[in-house]
Amino acid sequence: MKAKPLNGKDFMIFVVGKATALATSHKLTLTAETGDAASKDDGMWDESIVTKMGWEASTEALVSADADVESFDSLYDAFIAGEAVDIILGIPANLTNDGVPEGGWTSPTTKTGQKYYKGKALITSLDRTDAKGSNSTMTAQFKGQGKLEKATGAGG
């Protein structure tokens, strides 16, 4: 059986339970730092061990003029607060190819069996570009605080 690719448009970042509005791109990066574990027993070959793990995520989006969506203004508030926010990365429970469903995208946590990733993150960078003749755009960078967990939706 041939593997089916995931369409990038389907993977979304939810910040404090809301999908980033008008997103054009999302990125998730997992990193591992290593330390030297080589000994004389290894001969000329290097050995390493993982000493620390981390994760980062980012979103690129058009800036929304609507006040009740997750966009620049709500991310600005979270950034200024300096507190870690809840992040969920995954495919919305109400995925459709017909655009945003009535009531917005629903977190993958609400769909039984839906896989997703979750963690807490600080907003470490928030960029906004407003060029004449173009839509306003933004980029937000998130740095994970602790473990990024792989989870499965429980429904409800």
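The side chains of R128 and D130 come together in a salt bridge, with 3.0 Å from N to O. That contact belongs to a predicted model, in which 4 salt bridges are found. The points below follow these charged pairs, then turn to the largest pocket, to two residues with positive phi, and to a nonpolar patch on the surface.

**Salt bridges**

- Within the pair R128 and D130, R128 counts as partly exposed because its relative accessibility is 40%, and D130 is likewise partly exposed because its relative accessible area is 47%.
- A salt bridge also joins E33 to K52, where the closest N and O atoms lie 3.7 Å apart. This pair links distant parts of the chain, since E33 sits in strand β3 and K52 in strand β4 (residues 48–62), 19 residues apart.
- E33 has a relative accessible area of 45% and is therefore partly exposed, while K52, at 47% relative accessibility, is also counted as partly exposed.
- D86 and K120 form another salt bridge, and their closest N and O atoms are 2.6 Å apart. Here too the pair links distant parts of the chain, with D86 in strand β5 (residues 85–90) and K120 in strand β6 (residues 115–129), 34 residues apart.
- The relative accessible area of D86 is 41%, so D86 is partly exposed, and K120 is placed in the partly exposed class because its value is 40%.

**The largest pocket**

- The largest pocket holds about 520 Å³ of space. Its lining is made by 22 residues, of which T20, A21, L22, V100 and W105 are the closest to the centre of the pocket.
- Two elements, β2 (18–19) and β3 (23–36), give two or more residues to the lining of this pocket, and the largest share, 4 residues, comes from β3.
- Sorted by class, the lining of the largest pocket consists of 9 nonpolar, 8 polar and 5 charged residues.
- Strand β3 thus appears in two topics of this briefing, because it contributes to the lining of the pocket and is also the strand in which E33 of the salt bridge with K52 is found.

**Residues with positive phi**

- L22, which is among the residues closest to the centre of the largest pocket, has a phi near 55°, a positive value in a residue other than glycine.
- L22 is found in the loop between β2 and β3, and it is partly exposed because its relative accessible area is 45%.
- V16 also has a positive phi, of about 50°, although it is not a glycine. V16 is found in the loop between β1 (12–15) and β2.
- With a relative accessibility of 54%, V16 counts as exposed, because the class of exposed residues begins over 50%.

**A nonpolar surface patch**

- Y76, F79 and I80 together make a nonpolar patch of about 290 Å² on the surface.
- Of these residues, Y76 is found in helix α1, which covers residues 72–81. Y76 has a relative accessibility of 40%, so it counts as partly exposed.

Definitions and conventions:
Residues numbered from 1 in each chain as written. Predicted model: local features only at pLDDT ≥ 70, side-chain atom pairs only at ≥ 80, totals over all residues. Heavy atoms only, no water. 1 Å grid on protein atoms, 1.4 Å probe; cavity = no way out; pocket = protein on both sides within 12 Å on 5 of 7 lines; lining within 4 Å. Points joined across faces, edges and corners; volume = space filled by probe spheres on them. Nonpolar A, V, L, I, M, F, W, Y, C, P; charged D, E, K, R; others polar. Patch = residues over 30% accessible without salt bridge, like charges linked within 9 Å, V, L, I, M, F, W, Y side chains within 5 Å. Areas by Shrake-Rupley, 256 points an atom, 1.4 Å probe, with all protein chains shown as cover. Buried < 20%, exposed > 50% of the residue type's maximum accessible area, 1.4 Å probe, protein only.
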